[in-house]
Amino acid sequence: KGKLLGVKDYVNDEEMPYQSSTHGTKVMSVMAANIPGVMVGTAPEATYICIKTEDSRGEFRFEEWNWVAGLEFADSLGADIVNSSLGYTNFEDENMNYSTAGLDGQTAICSRAAEIAAQKGIIIVNSAGNEGFTDWKRIAPPADAGNILAVGAVNIFGEKTDFSSFGPSSDGKIKPDIAAPGEEIAVASPVKGYVILGRGTSYSAPIICGLTAALWQAFPEKTNIEIMNAVKFTAGNSGNPNNKTGYGIPDFYLAYQ
């Protein structure tokens with residue numbers, strides 16, 4: 001239906017950058033899928049551009065710079081909302097690893113770029129990370145940036161999953177900002193050709209991203225900060241936010257009201 005405006009590859013500069021990983025396709029399907037009776041995403045009528053910045057062959061600092069370039073490209077096209085199901089903490093060169101002290105929104109290159117994007121009026125929805133059961137445990141940049149929606153994962157009972165990363169940021173910000181389902185999530189499998197179930201904050205983020213796009217479409221005169229505040233301050237934990245699920249599970253009908 002012409003909803004995919006194009007693709008951009010900052011890793012290999014290819015015109016068809018789909019072959020190295022299924023992750024992006026699965027993430028996008030949570031928002032963009034539109035086959036009634038099979039799977040419908042949270043923003044099936046939005047327009048999209050897919051920007052590849054992640055090198056699946058390893059973890060390198062230049063991927064952060066790719067992410068920044070991709071964000072600038074999205075801004076140049078007039079993108080309103082960016083979903084980013086990525087995070088950076090450990091690299092192939094351990095000397096480049098971030099420390100928990102660096103989770104301040106100003107240390108990681110990608111976090112600094114996210115802060116700038118927020119100042120320019122873009123909403124960035126980023127996965128909190130899946131390190132909750134590891135030694136690291138904490139969120140991963142750019143989830144530590146301010147004025148974005150970092151999304152943690154909950155199970156079907158509304159409880160934090162074991163893998164969802166903890167906050168806070170090192171400068172004391174509540175993180176993650178909010179939470180959404182992250183277990184038994186329907187995603188499209190480009191390998192198997194049908195809907196499968198996935199888990200991870202990578203899928204919590206696009207659930208929120210699509211719903212936030214729908215909310216902003218209803219109130220286009222509002223700023224990105226106003227929309228994000230409506231999402232956060234009507235969520236289930238808004239009266240007592242914590243560093244497991246942030247302000248809680250959003251209530252988009254209440255946010256709409």
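Q: Which residues make the nonpolar surface patch of about 310 Å²?
A: In this predicted model, one member of the patch is found in the loop between strand E1 (4–9) and helix H1 (23–32), namely Tyr18. Tyr18 is partly exposed, its relative accessible area being 39%, and patches are made of residues with over 30%. The nonpolar patch of about 310 Å² is made by Leu4, Met16 and Tyr18.

Q: At roughly what angle do the axes of helix H4 and helix H5 cross?
A: Two packed helices are described by the angle between their axes and the distance between the axes. For helix H4 (residues 201–218) and helix H5 (residues 224–233), the axes come within 10 Å, and their crossing is right-handed. H4 is oblique to H5, because the axes cross at roughly 120°.

Q: In the salt bridge of Asp55 and Arg57, which residue is buried?
A: The side chains of Asp55 and Arg57 meet with N to O at 2.8 Å. Arg57 has a relative accessible area of 62% and is therefore exposed. Buried means under 20% relative accessible area, and at 6% the buried residue is Asp55.

Q: How many residues apart in sequence are the parts that Asp177 and Lys232 tie together?
A: Asp177 forms a salt bridge with Lys232, in which the closest N and O atoms are 3.9 Å apart, and both residues are buried. Asp177 lies in the loop between strand E7 (149–154) and strand E8 (178–181), whereas Lys232 lies in helix H5, so the parts tied together by this pair are separated in sequence by 55 residues.

Note on methods. Residues are numbered from 1 along each chain as its sequence is written. This is a predicted model: local features need pLDDT of at least 70, side-chain atom pairs count only at pLDDT 80 or more; totals for chains, interfaces and linings use all residues. Side-chain values use heavy atoms; hydrogens and water are left out. Patches are made of residues with over 30% relative accessible area and no salt bridge: like charges are joined within 9 Å, nonpolar side chains (Val, Leu, Ile, Met, Phe, Trp, Tyr) within 5 Å. Accessible areas come from the Shrake-Rupley method with a 1.4 Å probe; for residues, only the protein chains shown count as cover. A salt bridge is a side-chain nitrogen of Lys or Arg within 4 Å of a carboxyl oxygen of Asp or Glu. Helices (H or I, at least four residues) and strands (E, at least two) are DSSP runs, numbered from the N terminus. Buried means under 20% relative accessible area, exposed over 50%, partly exposed in between (1.4 Å probe, protein chains only). Axes are lines fitted to C-alpha atoms, for helices over the stretch in contact, and angles run from 0 to 180 degrees between N-to-C directions. Angles under 35 degrees count as roughly parallel, over 145 as roughly antiparallel, 65 to 115 as roughly perpendicular and the rest as oblique. A crossing is left-handed if the near helix is turned anticlockwise from the far one by less than a right angle, and right-handed if clockwise.
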